[in-house]
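Here are a few exercises to work through with the model open beside you. Try each task before reading its solution.

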Amino acid sequence: MPEKHRCARIKVLGTSGRVRDDRLVTNKRPLTNQTTNNNRITDLMKNTFQNKVVIITGATSGIGATVAHELATLRAKVVVAGRRQQEGEAVVASIVAAGGTAAFVKTDTTNEAEVKAMVDFAVKTYGGLHFAFNNAGVEGTPGLTVDQQTVENYRQTMDINVLGVLLSMKHELPAILASGGGAIVNTSSVVGQIGMAGMALYVASKHAVEGLTKTAALEFAKQGVRVNAVAPGAIQTPMVNRFVGESTENNPQRDWLASQHPVGRVGTSEEVSQAVIALLGNSFITGATLTVDGGWTAQ
Ligand SMILES: NC(=O)c1ccc[n+]([C@@H]2O[C@H](COP(=O)([O-])OP(=O)(O)OC[C@H]3O[C@@H](n4cnc5c(N)ncnc54)[C@H](OP(=O)(O)O)[C@@H]3O)[C@@H](O)[C@H]2O)c1
């Protein structure tokens with residue numbers, strides 16, 4: 001890029017996407033390197049998330065724990081939610097040790113009273129609620145064809161993956177509205193868009209998450225709350241280890257899973273986190289699902 005000074009009119013957006021400030025910014029430094037650009041993007045993200053309150057369900061491990069860390073780095077106040085107390089407190093301790101702000105609230109997202117208490121906790125502890133990442137989910141019992149499915153598998157998978165997201169949004173939305181607007185991201189999956197043999201109920205549950213997401217987006221668009229979904233491919237987390245086993249050597253199931261992605265590998269929770277943060281922060285995206293799948297669903 002040729003060296004030149006730039007003068008740009010930028011708009012600093014509130015969490016709901018309403019324009020809060022419109023300043024003429026004269027940039028005296030040449031835009032010559034990637035580091036400068038990256039720093040500027042980080043600064044803009046900090047403007048978006050600084051002192052904002054975010055709830056993350058399923059933050060005791062995997063993708064949710066990574067998003068909790070990264071939003072805390074952007075100076076958000078993070079409510080870490082999940083059922084496992086020790087793991088949740090460990091996530092909070094490592095965020096606090098790194099200079100961030102976070103608190104754990106033990107929550108089973110299938111229990112409405114606990115979900116309401118989670119939202120009340122966020123509002124009482126940090127003074128409001130601006131963002132939520134509804135990420136708690138389970139894979140159910142993989143390997144059953146439709147004719148082998150059980151009511152128990154249906155109830156567990158649909159309760160956590162669908163009812164949990166519904167209850168979370170039900171109680172988060174009024175708190176976000178009362179705080180002046182904001183955004184929600186729900187965790188879907190590539191199988192929210194395509195089928196997968198042996199995973200009927202997980203597939204159905206993630207299709208339902210996308211339906212809930214689009215509908216909530218329509219219902220709250222005019223009120224300043226955006227609602228989107230992220231749809232990861234296979235991501236290296238405890239869930240994938242449960243699915244294909246821990247071993248990375250001579251593991252045909254793991255190799256098969258990696259081979260589904262045109263990029264030739266599974267993804268990382270950091271790669272999903274970048275997409276979640278982009279969806280939370282972008283003021284004109286709502287009702288969308290962003291795939292983070294190494295090209296899986298492009299095939
Ligand atoms: N890893 C992948 O390949 C992949 C791909 C696509 C989508 N996803 C989705 O990504 C999300 C996160 O999964 P992950 O891969 O990070 O696996 P993970 O490490 O197993 O995380 C799952 C999280 O969900 C929480 N959770 C489960 N049931 C819950 C309940 N009833 N109430 C509250 N929290 C609950 C767990 O916390 P507690 O056990 O402490 O409650 C845990 O923090 C899930 O929705 C999953 O379906 C994952």
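**Exercise 1: a bent helix**

Task: find where α5 kinks.

Solution: α5 has a kink of about 40°, centred on Asp-159. The bend at a residue is the angle between axes fitted to the seven residues ending there and the seven starting there. Keep in mind that this is a predicted model: local features need pLDDT of at least 70, side-chain atom pairs count only at pLDDT 80 or more, and totals for chains, interfaces and linings use all residues. Residues are numbered from 1 along each chain as its sequence is written.

Next, check the span. α5 covers residues 151-178, and its 28 residues reach 39 Å from first C-alpha to last, close to the 40 Å expected at 1.5 Å a residue (expected span: 1.5 Å times one less than the number of residues). Helices here are DSSP runs of H or I, at least four residues, and strands are runs of E, at least two, numbered from the N terminus. Just after α5, Gly-180 takes a positive phi of about 100°.

**Exercise 2: positive phi without glycine**

Task: is Asn-250 buried or exposed?

Solution: start with the backbone, where Asn-250 has a positive phi near 45° despite not being glycine. Then place Asn-250: look in the loop between α7 and α8 (252-259). Now count: Asn-250 is exposed because it has 7 other C-beta atoms within 10 Å (buried means 20 or more, exposed 12 or fewer, partly exposed in between, with C-beta atoms placed from the backbone).
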